[in-house]
There are 2 protein chains.
Amino acid sequence: MEKKESVRQEIIEAARQLFSRYGFRKTTMEDIARLTHKGKSSLYYYFKNKEEVFRAVIIHEASILRKALKEATTGISDPAEKLEKYMRVRMNTMKELINYYEAVEHEHDSHYSFVDQLRDQFDQDEAQAIRRILDEGVAQDKFQPLDTELAANTLVIAMKGLEYPLVWKGSAQNLNKRIQKIMKILFYGLLKR
Amino acid sequence: MEKKESVRQEIIEAARQLFSRYGFRKTTMEDIARLTHKGKSSLYYYFKNKEEVFRAVIIHEASILRKALKEATTGISDPAEKLEKYMRVRMNTMKELINYYEAVEHEHDSHYSFVDQLRDQFDQDEAQAIRRILDEGVAQDKFQPLDTELAANTLVIAMKGLEYPLVWKGSAQNLNKRIQKIMKILFYGLLKR
DNA sequence: TAGTTTTTCGACCATTTTGTTAAAATATTC
DNA sequence: GAATATTTTAACAAAATGGTCGAAAAACTA
């Protein structure tokens, strides 16, 4: 029963490589099979279908992102600093996950696919995480009292806004500057003077 | 009659991007059409078929490589130096063309395809170019008298030998060291003491 | 403007690729 | 060696793809 999970993991890793290089559409089950040294049909013993493989890959990546965020922010006590670090890490890590979004984003036929659902779920989690930071800031009397739920959602939307241009231009320098700008505006309106 | 050629060039450029990213197989005519903002059928007005597009791209790339080689070596008078520069530039430029070779190399069904022919042609040209450098070295009395045709062919083969591992490991550092080594051996046998 | 040539494109076809399934075959465990 | 787990084979429907053809559109010419 342990073996099956490890093979699943192998498949996920192989699929991850292929999806990130070729996108969802251009990656075939045979590609994945070849890379795992298996027959194409064998994959269906571990996953119901191609979409399931893709979903597993995305979930895996998302968990990595979550872990990276937690790790990066966990030592920081100052909420402002933590927030800035959070956004920076999140943007930079996201740069590498963009492929997946891009891969399916361009298949806008059947809307509200499972990717949209996953994205929504992730956005919700993210808003919650950010809200916790904001709450901390308010509790420590470093942020002005505010509707943290609304503010968190706003921040998520702002990050999504930054995310999209990323697909077109991978200009990390420009991105960091934009983050800085947003953070500056944000803090000067947020921090108690 | 001028316009047609410029459109051809546009198509080639678009195809170049796609082929280098996805390889020959995974790049479809519709991909190329989409990137050129044209209907798929329109492409067949400029090229007989997909293979022709591919061939045009490769020829284009080869001419770029040739130009780069000429440009890089044209100012150098010392044959030994010129030879070293030639090999270095060739290897490093080739790194970016590898995709094409890789793309079709893995379709070893119908052998002696047009890619093999093109490659042979290129090898021949290359042997000639190298031979010219060697002749220069001999004429300048800096190289020992030798069968320059044979030596040139040997060098081409040596470079091809270096080329193949490149497909698997893009370790530029390792590559440069190997070039250095070969050049060292080559020169200590070649240079007059 | 009418006619001629060049260029684009949608509809269509033949073939190949691809995702998926079911059953047979093989390996592993007990 | 029965039972279970895993892989392979074969097959097939649906989708994708390379390519053709003719007609429409655009550009050009007179």
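Around DNA strand C, the predicted model places 18 residues, and those that come nearest are A:Met29, A:Lys50, B:Ser41, B:Tyr45 and B:Tyr46. Of the strand C atoms that lie within 4 Å of the protein, 59% belong to sugar and phosphate. Sorted by class, the surface near the strand comprises seven polar, six charged and five nonpolar residues.

Chain B offers a good place to follow this surface element by element. Here α1 (2-26) and α3 (40-46) each supply at least two residues near DNA strand C. The largest share comes from α3(B), which gives four residues. Two tyrosines of chain B deserve a closer look, as both are among the residues that come nearest to the strand. In B:Tyr46, a polar side-chain atom sits 2.4 Å from a phosphate oxygen of DNA strand C. For B:Tyr45, the corresponding separation between a polar side-chain atom and a phosphate oxygen of the strand is 2.7 Å. B:Lys38 also takes part, with an N or O atom of its side chain 3.3 Å from a phosphate oxygen of DNA strand C.

The two protein chains also meet each other. Six residues of chain A are in contact with six residues of chain B. Together the chains bury about 470 Å², and carbon and sulfur atoms account for 47% of that area. On the chain B side, the residues that lose the most area to chain A are B:Arg21, B:Tyr22 and B:Lys26, which together make up 86% of what that side buries. Readers following the model will find these three residues within the range of α1 (2-26) of chain B, the helix that also supplies at least two residues of the surface near DNA strand C.

Turning to the fold of chain A, its secondary structure consists of eight helices and zero strands. Read from the N terminus, the order of elements is accordingly α-α-α-α-α-α-α-α. Chain A has 193 residues, of which 39% count as buried. Among its contacts between residues at least 6 apart in sequence, 69% join residues at least 24 apart.

One of these helices, α4 (residues 50-73), can be described in more detail. Its 24 residues reach 35 Å from the first C-alpha to the last, close to the 34 Å expected at 1.5 Å a residue. The buried residues of α4(A) include the aliphatic A:Val53, A:Val57, A:Ile58, A:Leu65 and A:Leu69, along with A:Phe54. A:Ala56, A:Ala62 and A:Ala72 are buried as well, and so are A:Glu61 and A:Thr73. At the start of the same residue range stands A:Lys50, one of the residues that come nearest to DNA strand C.

How values were computed. Residues are numbered from 1 along each chain as its sequence is written. Chains are lettered from A and ligands numbered from 1 in the order in which they are written. This is a predicted model: local features need pLDDT of at least 70, side-chain atom pairs count only at pLDDT 80 or more; totals for chains, interfaces and linings use all residues. Side-chain values use heavy atoms; hydrogens and water are left out. The expected span of a helix is 1.5 Å times one less than its number of residues. Buried means under 20% relative accessible area, exposed over 50%, partly exposed in between (1.4 Å probe, protein chains only). A residue is near a molecule or strand if one of its heavy atoms lies within 4 Å of it. A polar contact is a pair of N or O atoms within 3.5 Å; within protein, one must be able to donate a hydrogen and the other to accept it, and residues adjacent in sequence count only if both atoms are side-chain atoms. Ala, Val, Leu, Ile, Met, Phe, Trp, Tyr, Cys and Pro count as nonpolar, Asp, Glu, Lys and Arg as charged, and the others, Gly among them, as polar. Contact means heavy atoms within 4.5 Å. Buried area is the accessible area (1.4 Å probe) that two parts lose on being put together, summed over both.
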